[in-house]
Amino acid sequence: MTGVQTCALPIYRHSEASARPTVAYAVLGLLARRSRSGYELAAALREPVSFFWSAPHSQLYPTLSALETDGLVTHEQSPGPGPRARKTYRITGAGRRALADWAVSTPPPRAGRDEFVLRAYSAWVAEPDAVAALFRTEAERHRARLVEYERFRRELVDASGGAPPGPRQPEFGNWLALHNGLGYERAYLEWCEWALDLLLAADRRS
């Protein structure tokens, strides 16, 4: 994991005068946990961050360059496995303050974009058996993701001695994001199963 929503969210721009893209704060959030190379940041943006927010890989290095220009991150070079030096990035004090300010600012309204729901909206024109098959496939996808999130939850609880992490620990953010994802997957799975019950009941009446 964190974390956690599996659908990709749109990339918003922060309302401050700096107008940094949201990916900048995603990077700062990762570096606030520990220093990382560009490769490690890309991996963390894939998992766990992509569970609840996503950004194209192509944005990572321009974002790092902009953050470094603004004094929010810095890097150190060390010998790499190939001919190029390895750059390890870390957050600065200014970067941590910018991240803290952004973390408690109000985000813009999120656009509702769920293509599966859009399909469901027009499912009445299709054969009920085909609609049921579609919902069974979607239910299995969310059931599998729910199992994965439950595993992450157990790992987090075990790592913090059987209790949720404290609010000043990096893991607390993982905990919040994870439980958002758990709720989302449970609700989506419940909706799919409800739709399948409706389809089954209609089939019995026909």
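This briefing looks at salt bridges and at one buried acidic residue in the structure above. The model is predicted, and it holds eleven salt bridges. Three of these pairs are described below, together with a network that links Arg 34, Glu 40 and Arg 86, and the last group turns to Glu 138, which lies in helix 6.

**A pair between a strand and a helix**

- The side chains of Arg 86 and Glu 40 come together in a salt bridge, with a distance of 3.5 Å from N to O.
- This pair links distant parts of the chain, since Arg 86 belongs to strand 3 (residues 86–91) and Glu 40 to helix 2 (residues 38–46), with their positions 46 residues apart in sequence.
- Arg 86 has a relative accessible area of 35% and is therefore partly exposed, because that class lies between the limits of 20% and 50%.
- Glu 40 is also partly exposed, with a relative accessible area of 24%.
- Both residues belong to a network of salt bridges in which Arg 34 takes part as well.

**A pair between two helices**

- Glu 193 forms a salt bridge with Arg 143, and the closest N and O atoms of the two residues are 2.8 Å apart.
- Because Glu 193 lies in helix 7 (residues 170–205) while Arg 143 lies in helix 6 (residues 128–159), the pair ties together parts that are 50 residues apart in sequence.
- Glu 193 counts as partly exposed at 34% relative accessibility, and Arg 143 counts as partly exposed at 29%.

**A pair within one helix**

- Glu 155 and Arg 151 meet through their side chains in a salt bridge, at 3.0 Å from N to O.
- The two residues are four places apart in helix 6, so about one helical turn separates Glu 155 from Arg 151.
- Glu 155 has a relative accessibility of 43% and counts as partly exposed, and Arg 151, at 35%, counts as partly exposed too.

**A buried glutamate in helix 6**

- Glu 138 is a residue of helix 6, and with a relative accessibility of 10% this residue counts as buried, because the limit for that class is under 20% relative accessible area.
- When residues up to four places away in sequence are left out of the count, Glu 138 touches Phe 116, Tyr 188 and Cys 192.

Methods:
Residues numbered from 1 in each chain as written. Predicted model: local features only at pLDDT ≥ 70, side-chain atom pairs only at ≥ 80, totals over all residues. Heavy atoms only, no water. Salt bridge = Lys/Arg side-chain N within 4 Å of Asp/Glu carboxyl O. Buried < 20%, exposed > 50% of the residue type's maximum accessible area, 1.4 Å probe, protein only. Contact = heavy atoms within 4.5 Å.
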